[in-house]
Structures are given as structure tokens and as C-alpha cells.
Amino acid sequence: MTEAPREACSPALPLLSPLPNTADTHKGWLHKWTNYLKGYQRRWFVLSNGLLSYYSSTCSPPCGGLHPGGGPMGSTLAMGNQAEMGHTCRGTINLATTHIDVEDSCTFVLSDSGRTYHLKASSEVERQRWVTALELAKSKAIRMMNNQSDDSGDEEPTSQSDKSELHATLRTLANKLDDLSQCNDLIAKHGAALQRSLSELENLKLPAESGEKIKAVNERATLFRITSNAMINACRDFLDLAETHSRKWQRALQYEREQRTRLEETIEQLAKQHNSLERACRGAPTLPTSSTEVSSTSKARVRHVKGETSDEDEETEYFDAMENAPEFIRVTTDPAKHRRTGSSISGTSSDQTQTWNLEDHAFDCQHQASFSAASRAVKPNRKRRAQIPDKPNYSLNLWSIMKNCIGKELSKIPMPVNFNEPLSMLQRLTEDLEYHELLDKAARCDSPAEQMCYVAAFSVSSYSTTTHRTAKPFNPLLGETFELDRLEESGFRSLCEQVSHHPPAAAHHVYSKHGWTLWQEITIASKFRGKYLSIMPLGAIHLQFKCGGNHYIWRKVTSTVHNIIVGKLWIDQSGEIEIVNNKTKDKCQLKFIPYSYFSRECARKVTGMVTDSENKASYILSGTWDEKMEFAKVVESSQDGTSCEGKQKTVYQTLPPKVLWMKYPLPDNAENMYYFSDLALTLNEMELGTAPTDSRLRPDQRLMENGDWEEANVEKQRLEEKQRAVRRLREAEAVTAEEEGREHEPYEPVWFEKEEDPITGEEMYVYKGGYWECKETQDWKTCPDIF
């Protein structure tokens, strides 16, 4: 079945009879972007009389078996014209109102107010031929439209509102002309008086030099009066001309408006009729949405939205389409049925099907309701707080503060605490451990591929707390630390330190007695672009399991805060995460699909695939970054040869999915507590024995949490000025050392040191030890005074 068009040719268009082979006609094959699933499709384009129309390349014309692609049966121009007329017009665009833009060597874009065509030629030469022909046709179409407007008759009436507007404009012009006439009379009057005065001066007995100067001034005054008279006459002629042609212009405009409305209604009606007839005749099958899922594993970054929705199918909307993206289709199968046909399995052993139980290492639908409670059944040694003071309702003129921030690095701009939440960036980084039990489960997995699934779910879960968290955390001071000692309660210890201020960078190290260690160095790059704020975390995350020695590395995606100036703030995550097991070379590609108005998919969707070192898929991942993730075991794969441009789409047959991770519900009254999770509520709770540089001891952050925002702003400025003074002192010492010819030691973190990573080759800060030993002895003499 061919695609259902959104436009069809109007009966009034000159496409219902064979096109003559004239100089104004240009035709040939081009690839047109259709939608996310089909990509570029080959179409036959015809340019004639300022209109560009295209026809489907998949229809069979009724003229004696002529193939639309040419070849032995369709090589002549006459037969090509017959083939065009045998097809249904898929769409037409008027070049008179179309913008032509060249994207690259082979691609160009046609766009008007209603639609956009993304076209690709076979070569750069062919693309240039089409662009040249289109530009010429556009200029001719514009001239033709202007000529038709000039020759239009009196039978097209002008609307009453347009008449009123036109008469008001003419009255304004007439009033302005009267003003100019009065000015002209005054200029003539005063000019004549000036000339008389100058003539009298000439008659006086003055030195010869003065007489010459007076004569020159008299001549200039005469020229000025003549010029002003000419200006007034030109303005009067302009007004007369406007009055003469205004009626003709208004008739032409009204005629074009009515013709456009009539044509749009005709095209819409024909498109709907054609769509209904085509579906009724051919009966196109549709895949049930419950049993199929389309995704992508491209390593390239998500490209920008192609523009408007495709005009190839009026019932389908697509978003964020990527060119040359290898697609796959997942189809769920019955485990019992698949065991009976195990001999046909490709890519995965049938023995694995026998071990796929919905109760193994994951949660089925019956367990989802109790997922949160079961995951946190460990009794803590102490009772943690479950609430903080409600957020005050302070008004703030956002634009007065943000208008000077456009294009600047956000970390270098002093911001009031009104934009903040009472947590430090180090504490937000520690929030990644909210679902640490996923790593505990991963440590117990014998299969590296299954372990990879839990690691992938953990990487996605770190974004679940950002759904409503539109406020920014406090920028840590240089040397600031944050510890989270939950060794007895949850089996892990976490330590963060701000190791650099410009650029801001934080080092993080986590040890778990359940057999895993995590470390990372994150540098935050952020840009404010007026409508949105982009936050780009830079740096690699390392995770190593003691049992098996699997070492995983991945990086975070970009977070975007939308509607900074106007509207309700909302956050989106976009990009791709590639998780690599450096021991087995297994990989997991996770794609965070950015939100689009034209998408039928659920918001905040994440898809992915786990592959081995030979690029064979073993698991398919799907879900959302704010609710849950599922994984399904691949039992069979096959190639689908129906993809466009000769590319193969792989169809993966999987067992029913199981839940990997599900988000914990927010506590009661979360909307008044900055939408903090249960873990976030406890992060700023005072602890005994922490380092004097711990984020819990920040006075500005503590004042903000208590609701004293004005005092918090004063304290924040004091801390920042203290930090700047220390930096200036350090810079002065460096200058002095350079003048004296001795080396100056740069700032070094207290608990972390820079090393070259043997896997990535990048330099990063790693934990050098000693913090927890100093905590036991309460020996903090190495900590700087930052508060």
C-alpha cells in the first residue's frame, strides 16, 4: 500500500493532462523525506508553471505496465509523461511563496507557510540543476502573480474592513501632505524675506569680500527653496499615484486570499477522499501497538527535528527523525511457544529461554506495587527526618536578573538563592545513589549481559529525581565536601569533594560492601539561551564489580530546562548513553528521546539494546527515565528487507518484558518541599563528626532551608567574596613565585588526586584515601577554612 497523502492536486491545476516538454518544465527523480520510519523515499518530481508536484514511485501506472522508474519500458520522455499522469499527485507546492534553502552538497529544503519538503539529489551537480530551475521558476511565478494582480477586473469586491483601513491610510497620507504644504508655504515666505534682506545687504556699501559672501548665501537660499518645492511636489505625486492604484492592489489581494482559501479546501477534501479510497481498496495491515516497538541504536547524537510533520500520512506524526539511523523492531513472543520452535533460534541459545522466569532477578506485574517497600526493607540504625520547612512563596522578577546572563557561563554569574534549592551540587551528585540496590542486584548476577541491564537501569534512575526539580543546587565552594555514610544501613559509603572552581568540577567515590565501587569526576557546563537552559555534564563514570572484575564506563546526557522566561518550567533529558564493559566488551546503547509535540510516543521515553562483543543483541530495554525501566530477552532475530535505500531493519523476537526498576513515590507534601525524594530530605540533615567542609555546615544553605532567604542571600555573598579573596591571594602568590624564579604549587584537593585513567587515557581525580580514618580520629587539620 502506498502512503496516504496529505495533499492532492486541485482539479484547477494544470496536472490533469500531459505536460509539454517546454523550457519551463523540469522533471526527474529525487529522494524526499517522508517520516521517521521510512526516511528518504524516491519520488518523481515535475516542475511546471511555477508549481512543483511529486508522484509516488511505488504505484503501478495503468498505461500498459509502464514502470515508474524508467528502464526499458519507460525510457522515453513521452512514456514518462504518461507515467506521471497515471499516478496520483502526492502534493504540490507553489514556488511563488516558497523559500529555497541548501543544506549540504546533495540536500535542499523547500518551505512555505504550510509545509516543508526535505529533498535529496543523487549528486551535487543534480542538486544544483534542480536549485537553478527552482529559482528561475520562482522568479517567473512571482512576476506572473504580479501581472495577474495588475490585470484583475472590477468584479472582485473589496471587503468593508479593507476599505476602511485603506481610506484611513489615505487620510493619514493626505494630512501629512497638508503639513508638508504648510511647511512649503512657510519656507517660500521666509525664503523670499531672506532673499530681500540679502539683496538689501548687497546694496549697502560693504567691503568687496563681504559682498561676495552675501551673494553666495543668497544663491544657497534660492537652491534651498527650489529643493523644498520639488520635495513637496514629489510627495503630492506619490499620493496621487497611491490613490490611483490602491483599488487595483486591494482587488488583487482579496482575489488571492479567496483563491488560496478555495484551493486549500479543495486539496484537503481530495486528500481525505483519496486516503479513504486507498485504504478501502488495498486494506493496509497495521501492527498492534501492544506487540511491537520501534527504536534506534544509532551512536550519533539525536539530530534536530526535521520541521513539520510529514505530508505523506495524515494519520501518523513523527519526531526527531535521524538520517541513516539503523532501526529495529521488537516483537514479543510466548515463551512456551518459542520453546517448541527452539531449533529456529538465531543469535541466542534456546536454553536461555528455559531460564527466563518473571520472578528471577526482577519484578513482574504482581510485584510492582510492592517494589518500593521491598527495596527499602532494611531498618536504619537511626530515624531519618521525613520533612523540611515548607518553601516560602517569594515573588521574583525573573527577567530583570536573567537578561544579563544570556550566552554566559552560568557558574560565573552570582545568582540569588531564589533560584536555588537547599542542597549543594555535591548532594545532588550523591542522589545518584537513590537506587543503589540495583547495583547490589547486579553484583549478584552471573551473566555479564544481565548485569549490564541492571547497570543501565541504574544510569537511567539517576534522572528520576529531576522531573519536577527545576531549581538549581548551590554551587559548591572550592574544597567543599559531602559525605554519606550509610555503611550499616545500606552497605555503602560516599564521598564528594569540589576539586576545581573554574571550571567547576566535583570528584565522587563510593564504596559498597556488597562488592562494587563507583567513582566519577563531573564537570558541569551550562549555557543560558533565553528560552531554555542547557546543562551538559562532562566526565566519565566508572563502576567496577569485585566478583568477576567487570568494569563499566558511561557518561551522562544533556539536561534542558525549558520556559525560563515565560511559561511553566519543565525539564527534559536528551541524548545517548553508551555503557561499555571493558572486560567483556559488551555494550549497551541507551537513547533518551527528547520531547516533541508531534510524537505519539510517551514522554521521557528511553530505549536501548545490550549487545555482546560480536554485536549480537541479548536484551532490549525500554521505559521512561522518570518512572520505570523494563528489559526483555532476545530469543530470535531476523532481517527485514523492506527498509528504504537498501538498509536492513532487524526484527527482534523477545520474551515478555520484566521490570528492572521502578521509581519510588514522592513523600507527602513534596510540592512544598522542593519536590525532594525521601533520600533528598535526609541529605542536609545534620550529622555528628563530619568534616568542617561538609555541605551540611554551609550557613547560606541552612538559612535557605529554614526559610530565611534574605539572610541566606547575604551569607551567600559573604562566602563567595571570601572565596574570591582566597583566589586572589593564591594568584598573587603565583606571580611572586614567578618573579622570584621559584615554582608555585597549585591548589590540590584534600582527599582526591589527579591520575591518568588507564582505560580512557583521560586525567581525572580519584580518591586517595584517608577521609574515613580522619573521621574516626576527628583529625581535620588538613581541611581548609571555607565557611
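With which side chain does the side chain of Lys-716 make a polar contact? In this predicted model, the partner turns out to be the side chain of Glu-720, at 2.6 Å. Lys-716 sits in helix α15, which runs over residues 709-740. Despite its charged end, this lysine is tucked away: Lys-716 counts as buried because its relative accessibility is just 10%, and the cut-off for buried is under 20%. Leaving aside residues up to four places away in sequence, Lys-716 touches Met-415, Val-417, Asn-420, Phe-474 and Asp-700.

Stepping back to the whole chain, the protein has 787 residues, and 48% of them count as buried. Its secondary structure adds up to 16 helices and 28 strands. Many of the contacts link parts of the chain that are well apart in sequence: of those with a separation of 6 or more, 64% are between residues 24 or more positions apart. As for the outside, the accessible surface comes to about 40,400 Å², and carbon and sulfur atoms account for 52% of that.

What about the inside? In soluble globular proteins, nonpolar side chains tend to be buried together. Here the largest nonpolar core has 63 residues, and the ones with the most contacts inside it are Trp-516, Leu-543, Trp-554, Ile-579, Leu-590, Phe-592 and Leu-621. Helix α12 (residues 448-461) supplies the largest share of this core, with nine residues. Another core, of 18 residues, lies apart from it, and its members include Phe-45, Phe-108, Leu-119 and Leu-134.

Phe-592 gives a good idea of the company a residue of the largest core keeps. Not counting residues up to four places away in sequence, Phe-592 touches Val-460, Tyr-463, Val-557, Gln-573, Ser-574, Gly-575, Ile-577, Lys-605, Val-606 and Trp-625. Trp-516, also on the list of residues with the most contacts inside that core, has Gln-544 beside it in space: the two C-alpha atoms are separated by 5.6 Å, although the residues are 28 apart along the chain. Gln-544 belongs to strand β17, residues 540-545. With a relative accessibility of 33%, Gln-544 is partly exposed. Besides Trp-516, the residues that Gln-544 touches are Gly-515, Thr-517, Trp-519, Gly-549, Asn-550 and His-551, again without those up to four places away in sequence.

The 18-residue core, which includes Phe-108 and Leu-119, leads to a run of three strands. Strand β6 (residues 107-111) is mostly covered, with four of its five residues buried. On one hand, β6 pairs with strand β5 (residues 99-102) in the antiparallel sense, over four bridges. A hairpin of four residues joins β5 to β6, and Asp-101 stands opposite Val-109 of β6. On the other hand, β6 pairs with strand β7 (residues 116-120), also in the antiparallel sense, this time over five bridges. In that pairing, Phe-108 stands opposite Leu-119 of β7.

A few spots in the backbone stand out. Most residues other than glycine have a negative phi, and most peptide bonds are trans. The bond between His-502 and Pro-503, however, is cis, with omega about 0°. Pro-503 lies in the loop between β13 (492-500) and β14 (505-512). Lys-585 has a positive phi, near 65°, and lies in the loop between β20 (570-581) and β21 (587-592). Lys-585 is partly exposed, at 45% relative accessibility. Gln-778 has a positive phi too, near 55°. This glutamine is found in the segment after α16 (771-777), and with a relative accessible area of 43% Gln-778 is partly exposed.

Finally, there are the cysteines. The count of disulfides comes to zero. For Cys-774, the closest cysteine sulfur is that of Cys-783, and the sulfur atoms are 7.4 Å apart, so they are too far from each other for a bond; a disulfide would need them within 2.5 Å. Both residues are buried even so: Cys-774 has a relative accessible area of 17%, while Cys-783 is at 12% relative accessibility.

Definitions and conventions: Residues are numbered from 1 along each chain as its sequence is written. This is a predicted model: local features need pLDDT of at least 70, side-chain atom pairs count only at pLDDT 80 or more; totals for chains, interfaces and linings use all residues. Side-chain values use heavy atoms; hydrogens and water are left out. Buried means under 20% relative accessible area, exposed over 50%, partly exposed in between (1.4 Å probe, protein chains only). Helices (H or I, at least four residues) and strands (E, at least two) are DSSP runs, numbered from the N terminus. Contact means heavy atoms within 4.5 Å. Accessible areas come from the Shrake-Rupley method with a 1.4 Å probe; for residues, only the protein chains shown count as cover. A nonpolar core is a set of buried Ala, Val, Leu, Ile, Met, Phe, Trp, Tyr and Cys residues joined through side-chain atoms within 4.5 Å. A polar contact is a pair of N or O atoms within 3.5 Å; within protein, one must be able to donate a hydrogen and the other to accept it, and residues adjacent in sequence count only if both atoms are side-chain atoms. Two strands pair if DSSP finds at least two bridges between them.
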